[in-house]
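Student: I'd like a close look at one part of this model, namely how one pair of strands sits against the core and the aromatic rings. Could you walk me through it in one go?

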Amino acid sequence: MRRSIAAAATLIATLVACGGSDGGGDAAGPTQNTGSGATAEPGGEQSADATPSSSQSPVGKLGDTLRLEGLADNLDTAGTVQADITLKRYEDHAQPSLDIFAPSDGNRLVAVEFTIVNTGTGTGTYSDLANQGTKVIDSTGQEHAAKPGDPTFGESMGVNILLRPGKQTTGWVIVDVPKDAKITAVTYQMDATGVDKERTGTWNLN
């Protein structure tokens, strides 16, 4: 009889102990590290998956700076040619500074302003054609290539970019687009040939 009472007391004590653990130990849930895997992008900084070594194409918004990587055999290259490219401004209805830069019939001009800084690790010069590397994309996904020329409100990037390491340039690039086209993004490709994603930056306008 005494053994039965002792066994019952032990069982009750065990159940109470288990019930206490279930009822309070996990009430707050598991501890979470909210910073793991997350990337902050203040002031146009790149996220971890938008670096030149990534297979992803860097993406930002108006005002952001994207770091792109050029071809290994760019002019006078002694190291990797990289550039920080900022889309500073976008103008949806631009006017040409000269009639020869006017849009074709049924089209209008849009203009984008870039600042490009050669941030390469070697002594290589970044040599490129700004209008060849610039495109805008409309809401249907259609790409529209830039052309040489100046808008009335600023100087163009110039036909040829020639930047030693640490040097920068700022200027406008103009693009012919259909009059009713809604432009949703701007792209810039260093050494514009082929489809290497790490050489192309995209800035979404919406």
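Tutor: Strands β5 (residues 126-129) and β8 pair up antiparallel, with 4 bridges between them. In that pairing, Asp128 stands opposite Ile161 of β8. Keep in mind that this is a predicted model.

Now look at which way the side chains of β8 go. Ile161 and Leu163 point to one face and are buried, while Asn160 and Leu162 point to the other face and are not buried. As a rule, in a regular strand the side chains alternate between the two faces of the sheet.

The buried side takes us to Ile116. Ignoring residues up to four places away in sequence, Ile116 touches both Ile161 and Leu163, and its other partners include Tyr126, Met157, Ala83, Ile85 and Tyr188. Polar and charged residues are on that list too, among them Asp84, Lys167 and Gln168.

Ile116 is also one of the best-connected members of the largest nonpolar core, which has 27 residues; Ile85, Phe114 and Tyr188 are the others with the most contacts inside it. Strands β2 (65-69), β3 (82-94), β4 (107-118), β8, β9 and β10 (183-189) each supply at least two residues of this core. There is also a second, separate core of 6 residues, including Ala94, Phe101, Leu109 and Trp172. In soluble globular proteins, nonpolar side chains tend to be buried together.

Phe114 deserves a stop of its own. This residue lies in strand β4, and with 0% relative accessibility it counts as buried. Leaving aside neighbours within four places in sequence, Phe114 contacts Ile85, Thr86, Leu87, Met157, Val173, Val186 and Tyr188, among others. The C-alpha atoms of Phe114 and Ser156 are 9.6 Å apart, although 42 residues separate them along the chain. Phe114 also forms one aromatic cluster with Tyr188 and Trp203.

Thr134 is another contact of Phe114. It is found in strand β6 (residues 134-138) and is buried, with a relative accessible area of 0%. What does the polar side chain of Thr134 find there? A polar atom of that side chain lies 2.9 Å from the backbone oxygen of Ala130. Beyond its neighbours within four places in sequence, Thr134 is in contact with Val112, Phe114, His144, Ala145, Ala146, Val173, Thr187 and Tyr188.

Back to the rings: the structure holds 3 aromatic pairs. In one of them, the ring centres of Phe153 and Trp172 are 4.7 Å apart and the planes sit at 75°, so the pair is edge-to-face. Phe153 is in the loop between β7 (143-147) and β8 (160-163), whereas Trp172 is in strand β9 (residues 168-178), so the pair links parts of the chain 19 residues apart. The two partners differ in cover: Phe153 is partly exposed at 37% relative accessible area, whereas Trp172 counts as buried at 4%.

Zooming out, the protein chain comes to 2 helices and 11 strands. In sequence order they run α-β-β-β-β-β-α-β-β-β-β-β-β. Among contacts between residues at least 6 apart in sequence, 68% join residues at least 24 apart. Of the 206 residues in the protein chain, 37% are buried. The accessible surface comes to about 11,700 Å², with 51% of it belonging to carbon and sulfur atoms.

Methods
Residues are numbered from 1 along each chain as its sequence is written. This is a predicted model: local features need pLDDT of at least 70, side-chain atom pairs count only at pLDDT 80 or more; totals for chains, interfaces and linings use all residues. Side-chain values use heavy atoms; hydrogens and water are left out. Buried means under 20% relative accessible area, exposed over 50%, partly exposed in between (1.4 Å probe, protein chains only). Contact means heavy atoms within 4.5 Å. Accessible areas come from the Shrake-Rupley method with a 1.4 Å probe; for residues, only the protein chains shown count as cover. Rings of Phe, Tyr and Trp (its six-membered ring) pair if their centres lie within 6.5 Å; planes under 30 degrees apart count as stacked, over 60 as edge-to-face and the rest as tilted. A polar contact is a pair of N or O atoms within 3.5 Å; within protein, one must be able to donate a hydrogen and the other to accept it, and residues adjacent in sequence count only if both atoms are side-chain atoms. A nonpolar core is a set of buried Ala, Val, Leu, Ile, Met, Phe, Trp, Tyr and Cys residues joined through side-chain atoms within 4.5 Å. Two strands pair if DSSP finds at least two bridges between them.
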